[in-house]
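User: I would like a close look at one small part of this structure. Please start there, and then work outward to the rest of the chain.

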Amino acid sequence: MKKNALVNWTLNKPLLPKCGESTALALLALVTMMTGPSAGFADSVTNRGTSTPALAGATIIARPSLALLPPMGWNSWNCLTEHVTEQAVREMADAMVSSGMKDAGYQYIVVDDFWEQGRVSKPERKVEERPGRDAQGILLADPVRFPSGIKALADYVHSKGLKFGVYTSPGESTCGCNTASYGHIETDLNTFAAWGVDFIKLDMCGDAEQPEAVLQEWRAGINRLNRPMIFSSSGIGYDYALSGRYADMWRTTTDLMTKFRYPPGQFRKQECICSVIDQQIGLERYSGPGHWNDPDMLRAGNAGLSLDECRAHFGMWAMLAAPLIAGNDLRIMKPEVRDILINREVLAVDQDPAGRQGYLVQQPEKDLQVWVRPLVDPTQIAVALLNRGSVAITNELSLASIGIHGPAFFRDLFAHQDLGLQTNSLAITVPAHGIRLLKISTFEFLTPPPAYVFPPLDFSQGPVRIEAEDDSRVCFYKGYATNALPQFSGESYVTGVKAYSLRMRFNLPIAKTDTYLGTFRYQNTGKEAILGKLNGSSVTFAPTSEGKWQTASVALPLKAGMNHVQLYCSGLEQGDLAIDCLDLQPQ
Ligand code: GLA
């Protein structure tokens, strides 16, 4: 079997097949659930263990997972990337304690990729090969950056009262071309257990035809260990129900960059905060206690986000019941960022024991969204007003529109401010690229409102044109919108860059389940045809003569409701492909 070839159909990372079987429950964890009203969270809110008013005093239930609440911690990738060292990780653990994050509930210190010594070449990335394992097949840590070894680091993290996590992949190499676990799952899991690992991030790099088999084998392997471990995995395409059968948490997107929203023309490497949020729409049914959608680690505190953007990001992750894995350098964290990350009232939303993921309920204007998260207390909901635009927006939020039929108390969770008893509506101003996060409590009747239904595309006048640059309908990665070629439609077109794959996701609200015809308007200025996959169906972008726009069509089955349709084009040797728009019509 060829072990390093990429398989492109996965959402996030290619996979490696190997069979195993999920058997025993990972652990019967006990949780104390809150039953009474919980206005004004004063103290600590945490995953497990420590004192927590939000979780105080109630029913004890047993569940087959360690992650009854979204895991909270820190991971090295977003700030240290391939420069991670044991010294830096120790300092992060120290800072997690001294900053108050530990007291606020953050628990896991996770070492991401590049702790390994072994470097593995991939066809698309040549690296110097270094042995990854010793004579017994045990994974070796990089001796320069981790001179004391991983066990000593885990011991240090544990000595701080924290838990320790580590990264690997099921393929022969990790996503960063380091030695991974192919053919060594049992050895590696035993090694991790012996080192004292409490959390495993399995990043789906490798080669695979059967992703479920990979998840099954890792889940079974973890269950066989005499040590509880959180199982965090990448997504398997868009099949979150499948991920949820095996993993405690799973990625729902590609990597989140330190960007709130990409401006037109900027190269988009991967996701921005708004595009990640777009992809969570409709995913609430997959998430709940023990199994969480993971919209990726936090970027709050990484250089490049304003404080309003950090609040919007963090507040939305709380609304989404997302794992809160900080990705900033805790050693140099600004107090304002720290205050966001340890905001008890916001954490209480994220860690609400009912574990119901928030959902979009209104889109009163193009850049404004209203999200609702029902809380464990049936008299309370969390409500987020998210402003994706670059000017402040004032919205008159009516109580009836969010399912409240009577007077209700409003509290602003970032401002720590009571907004009083409201009877009909309240005018709320949301800063640019910002959020207002409210907890609303009522003694009257509360029926959480239904999810927002996007107006379906209207085919009554013929095909509907979706412009590639329209970020209300399209997210794209590894490319940028530009206007260098003449005669495009709309404001620009989207093109990839050299040696990258171009990935585009179209969010298509449809009234009727049917097969539609999708026609791309494109140019391929290269000499070779470019093969794209549209949700698995092939579409060929033949070379275009004299730089002329041409069309390529593909049949596209769509279901009633919102469809997230992905176009993936690999091997753009010279960034030759430009996509102007997609015309869609019933077949
Ligand atoms: C992938 C993951 C990231 C990080 C890197 C490490 O891109 O999505 O979170 O783990 O790999 O190589």
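Analyst: Leaving out residues up to four places away in sequence, Gly420 touches Ala408, Phe409 and Phe410. The model is a predicted one, and the values below are computed from it. Gly420 belongs to strand E17, which covers residues 417–422. The residues it touches have numbers that fall in strand E16 (408–412). Take Ala408 as an example: twelve residues separate it from Gly420 in sequence, and the C-alpha atoms are 8.2 Å apart in space. Is Gly420 buried, exposed or partly exposed? Its relative accessibility is 29%, so Gly420 counts as partly exposed, because that class runs between 20% and 50%.

The loop between E16 and E17 holds His416. Phi of His416 is positive, near 55°, although the residue is not a glycine. As background, most residues other than glycine have a negative phi. His416 is partly exposed, because its relative accessibility is 44%.

From His416 the path leads to another loop. Asn343 sits between helix H10 (335–341) and helix H11 (344–350). Setting aside neighbours within four places in sequence, Asn343 is in contact with Leu413, Phe414 and His416. Asn343 has a relative accessibility of 4% and therefore counts as buried, whereas His416 is partly exposed.

Helix H10 runs over residues 335–341, so Leu341 is at its end by the DSSP numbering. Apart from neighbours within four places in sequence, Leu341 is in contact with nine residues that include Met101, Tyr106, Leu298, Phe314 and Leu347. Leu341 is also among the residues with the most contacts inside the largest nonpolar core, which has 97 residues. Others in that group are Tyr106, Trp115, Phe192, Phe314, Trp317 and Trp371. Helix H9 (residues 307–319) gives this core its largest share, seven residues. A second core, separate and of 32 residues, includes Phe459, Phe506, Phe520 and Ala552.

The loop that follows H9 deserves a look too. Ala321 lies there, between H9 and strand E10 (324–326). Like His416, Ala321 is not a glycine and has a positive phi, near 55°. Ala321 counts as buried because its relative accessibility is 0%.

Phe192, named above for its contacts in the core, is one of the buried residues of helix H5 (residues 185–195). The others are Ile185, Asp188, Leu189, Thr191, Ala193 and Trp195. In an α-helix there are 3.6 residues a turn, so residues three or four places apart point the same way. The buried residues of H5 pack against helix H4 (149–159), strand E5 (163–168), strand E6 (199–202) and helix H6 (211–224). After H5 comes Gly196, with a positive phi near 95°.

H4 has its own buried residues: Gly149, Ile150, Leu153, Ala154 and Val157. They pack against helix H2 (86–98), strand E4 (108–111), E5 and H5. Just after H4, Gly161 takes a positive phi of about 80°.

Next, the ligand. Which residues come nearest to it? Of the twelve around it, they are Asp112, Asp113, Lys201, Asp203 and Asp255. Lys201 has a number within E6 (199–202). An N or O atom in the side chain of Asp112 is 2.6 Å from an oxygen atom of the ligand. For a polar side-chain atom of Asp113 the distance to a ligand oxygen is 2.8 Å, and for one of Asp255 it is 2.5 Å. On its own the ligand exposes 300 Å², and the protein buries 94% of this. By class, the shell consists of seven charged, four nonpolar and one polar residue.

Finally, the chain as a whole. It contains eleven helices and 31 strands. Of its 587 residues, 60% count as buried. Its accessible surface is about 22,000 Å², and carbon and sulfur atoms account for 52% of that. Among contacts between residues at least 6 apart in sequence, 74% join residues at least 24 apart.

Notes:
Residues numbered from 1 in each chain as written. Predicted model: local features only at pLDDT ≥ 70, side-chain atom pairs only at ≥ 80, totals over all residues. Heavy atoms only, no water. Buried < 20%, exposed > 50% of the residue type's maximum accessible area, 1.4 Å probe, protein only. Helix = DSSP H or I, 4+ residues; strand = E, 2+ residues; numbered from the N terminus. Contact = heavy atoms within 4.5 Å. Near = heavy atom within 4 Å. Polar contact = N/O pair within 3.5 Å; in protein donor to acceptor, adjacent residues only side chain to side chain. Areas by Shrake-Rupley, 256 points an atom, 1.4 Å probe, with all protein chains shown as cover. Nonpolar A, V, L, I, M, F, W, Y, C, P; charged D, E, K, R; others polar. Core = buried A, V, L, I, M, F, W, Y, C linked by side-chain atoms within 4.5 Å.
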